[in-house]
Amino acid sequence: MTFVNCSNHPSVRWAEDQLNAAKNFGDIVDIAFPNVSPKATHEDVSRMAVDLAGQIETCHPNAVMVQGEMTLTYELVRRLKADGIVCLAACSERRTIENGNVKTSVFEFVQFRSY
């Protein structure tokens, strides 16, 4: 059983509650979400999605968290779902802490939500 984290947020930096929620799907495997050039064409993004889907599918995942550039996310999720793979997004509560002129945002994991 495998949970693939396809994002730019390595699981080693996740809070315990997000780790535990992911581990319900299996062992966590991190696959970095690639950078997408703003000059990339639709065809470029489609090719990236094919390559990334192939890499993910070699892990035989029970679920995949997909978070990154919007058009590649859409293409990747569409392809993975067509192959029967559960695709998820992490949902977090944003808390803003103000200290004088400095604002810090803290994101607290709440749940995984299906695409």
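This briefing covers the sheet, the helices packed on it and the nonpolar cores of one chain. The model is predicted. Its five-stranded open sheet has the strand order β2-β1-β3-β4-β5, and the pairing is mixed. Helices α2 and α3 both pack on this sheet. The largest nonpolar core has 18 residues, and β1, α2, β3 and α3 each give two or more residues to this core.

**Sheet**

- The sheet is open and its five strands are paired in a mixed fashion, in the order β2-β1-β3-β4-β5.
- The edges are held by β2 and β5 (102–114); each has a single partner strand, so one side of each lacks a neighbour in the sheet.
- On average, neighbouring strands are turned by 25° against each other, with direction ignored.
- Strands β1 and β2 run parallel and are joined by six bridges.
- Asparagine 5 lies opposite aspartate 30, a residue of β2.

**Helices on the sheet**

- Helix α2 packs on the sheet through contacts with β1, β2 and β3, and its direction makes about 160° with that of β2.
- Helix α3 also packs on the sheet, where it touches β1, β3 and β4 (86–99); the direction of α3 makes about 170° with that of β3.

**Helix α2**

- Helix α2 spans residues 42–57, 16 residues in total, and reaches 22 Å from its first C-alpha to its last, close to the 22 Å expected at 1.5 Å a residue.
- The buried residues in α2 are Val45, Ser46, Ala49, Leu52, Ala53 and Ile56.
- These residues lie on the same side of α2, because the arc they cover around the axis is only 130°.
- The partners against which the buried residues of α2 pack are β1 (2–7), β2 (27–32), β3 (63–66) and α3 (70–82).

**Nonpolar cores**

- Within the largest core, of 18 residues, the most contacts belong to Cys6, Ile56, Val64, Val66, Leu76 and Leu80.
- Helix α2 supplies the largest share of this core, five residues.
- Cysteine 6 touches Ile31, Phe33, Leu52, Ile56, Val64, Met65, Val66, Gln67 and Leu76, when residues up to four places away in sequence are not counted.
- Leu52 and Ile56, two of the residues touched by cysteine 6, are among the buried residues of α2.
- A second core is separate and has 10 residues, including Phe3, Ala21, Met65 and Phe112.
- Met65 is thus named twice: as a member of the second core and as a contact of cysteine 6.

Note on methods: Residues numbered from 1 in each chain as written. Predicted model: local features only at pLDDT ≥ 70, side-chain atom pairs only at ≥ 80, totals over all residues. Heavy atoms only, no water. Helix = DSSP H or I, 4+ residues; strand = E, 2+ residues; numbered from the N terminus. Expected span 1.5 Å × (residues − 1). Buried < 20%, exposed > 50% of the residue type's maximum accessible area, 1.4 Å probe, protein only. Arc of directions from axis to C-beta. Contact = heavy atoms within 4.5 Å. Pairing = 2+ DSSP bridges. Axes fitted to C-alpha atoms, helices over the stretch in contact; angles between N-to-C directions. Core = buried A, V, L, I, M, F, W, Y, C linked by side-chain atoms within 4.5 Å.
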